[in-house]
Amino acid sequence: MDNGSVHEHLWHNCFLKMTLKKCTSIIFFYTYIQPISKENNDENGGDHSINARTTSNPPDSDTSDASYNSWMVEHPSALDSFDRMIKAAKGKKIAVFLDYDGTLSPIVDDPNRAFMSDEMRAAVREVAKYFPTAIVSGRSREKVKEFVELSNVYYAGSHGMDIQAPPRPVKACEGKYHTLVPGKKIIKELEEETKKIQGARIEDNRFCISVHFRQVREEDYSVLQEKVKAVLRNYPDFDLSEGKKVMEIRPSIEWDKGHALEYLLDTLGLSNPNDVLPLYIGDDRTDEDAFKVIESRGQGYPIIVSSTPKETKASYSLKDPSEVLTFLLRLSRWRKSSSSSKQLAQIWGIGY
Ligand SMILES: O=P(O)(O)OC[C@H]1O[C@H](O[C@H]2O[C@H](CO)[C@@H](O)[C@H](O)[C@H]2O)[C@H](O)[C@@H](O)[C@@H]1O
């Protein structure tokens, strides 16, 4: 299914009312409705430079092990808890949501080279054979699709502001989804203002913009931040937040990965919390919005990818993308074996 060329872009102009945090005007949100045929310790914020790793003192390994171990009591490994999780899922549908950077692909210096491995791709393809599966990323939907290259998954780009999903029944389009596309002007201004800062990089994520500083010298970070803030002063409808060595510019609307998760569950007919367990794996601050939604549903598995203790709403953890791979392989193997036992039981007329 994944072949942009074949996709019929149905511009779903549901003019829905959206609460804007800063401005009251109603703006458009383009929901692309497309038929589906089938490192370091403080990555988020705090440590603002690639150099900080080498200039700061190495952590005391006993202390960091101890704090990681006590954090793991609160956020047990999803691999160790796998059997328990699966047992609790009996008779329920599982829907899988996966973040991209830092979850399916390792964090690397060059955002254009954040490739996922063939093994990971095969594992996601296999999971998506058995469970409805969506990739929810801060990247533009096109970009993340280019990386993932799978046709049997749904895609939500720009932190969930650009969703590819099956057409939603018309009655559900009450005019809720609108957003503002950052114009080329703001991107040009950011590029102009930051071009002298070595290592700074602007990424156009369609509905959002990333200003990367992973390769910016520590001493240049505050100048870069000031320049970005100065540009944004002329664009009050956009907010600035920080991810892993990246400043993220997003329209000031109440729409995030949590809303995207709800939207997809709804659209896929999976909104009944008693019947459906959403499993969401992510590593970044923006994934916390989705974890919160799962927490408030009271059912499901929010899993954080982190090798260091972190404030999170997730209930389970995985250390890194290689553990994500193991988890996904286990998940599909489990479903494969349980469905073949079911088929055998049906053939032999045994109750299952
Ligand atoms: O929601 P995600 O799929 O996790 O996207 C969040 C940001 O990911 C990318 O940046 C991060 O990964 C890069 C490649 O490993 C890394 O160089 C960068 O420092 C990280 O912040 C992406 O480039 C951003 O646009 C996304 O907002």
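Tutor: Helices and strands here are DSSP runs, numbered from the N terminus. Keep in mind that this is a predicted model.

Student: Okay, so where does Asp 99 lie?

Tutor: Look between strand E3 (93–98) and helix H4 (118–130): Asp 99 is in the loop there.

Student: And how do I read its cover, buried or exposed?

Tutor: The general idea is a cut-off: buried means under 20% relative accessible area. Asp 99 has a relative accessible area of 4%, so it counts as buried.

Student: Which side chain does the side chain of Asp 99 make a polar contact with?

Tutor: That of Lys 257, at 3.1 Å. Lys 257 also turns up in the ligand's surroundings: of the 22 residues around the ligand, Val 108, Glu 203, Arg 214, Lys 244 and Lys 257 come nearest.

Student: What classes of residue make up that shell?

Tutor: Ten, written 10 in the tally, are charged, alongside seven nonpolar and five polar residues.

Student: Where does the ligand sit?

Tutor: In the largest cavity. Strand E8 (209–212) and strand E10 (246–251) are the elements that give two or more residues to the shell around it.

Student: How do I read the ligand's oxygen atoms?

Tutor: Check the N and O atoms of the protein around them. A backbone N or O atom of Lys 244 is 2.4 Å from a ligand oxygen, and for Asp 109 a backbone N or O atom lies 3.5 Å from one. With Ser 137 it's a side-chain N or O atom, 2.7 Å from an oxygen of the ligand.

Student: How much of the ligand does the protein bury?

Tutor: Taken alone, the ligand exposes 580 Å², and 99% of that is buried by the protein.

Methods. Residues numbered from 1 in each chain as written. Predicted model: local features only at pLDDT ≥ 70, side-chain atom pairs only at ≥ 80, totals over all residues. Heavy atoms only, no water. Near = heavy atom within 4 Å. Polar contact = N/O pair within 3.5 Å; in protein donor to acceptor, adjacent residues only side chain to side chain. Areas by Shrake-Rupley, 256 points an atom, 1.4 Å probe, with all protein chains shown as cover. 1 Å grid on protein atoms, 1.4 Å probe; cavity = no way out; pocket = protein on both sides within 12 Å on 5 of 7 lines; lining within 4 Å. Sits in = over half its atoms within 2 Å of the grid points. Helix = DSSP H or I, 4+ residues; strand = E, 2+ residues; numbered from the N terminus. Nonpolar A, V, L, I, M, F, W, Y, C, P; charged D, E, K, R; others polar. Buried < 20%, exposed > 50% of the residue type's maximum accessible area, 1.4 Å probe, protein only.
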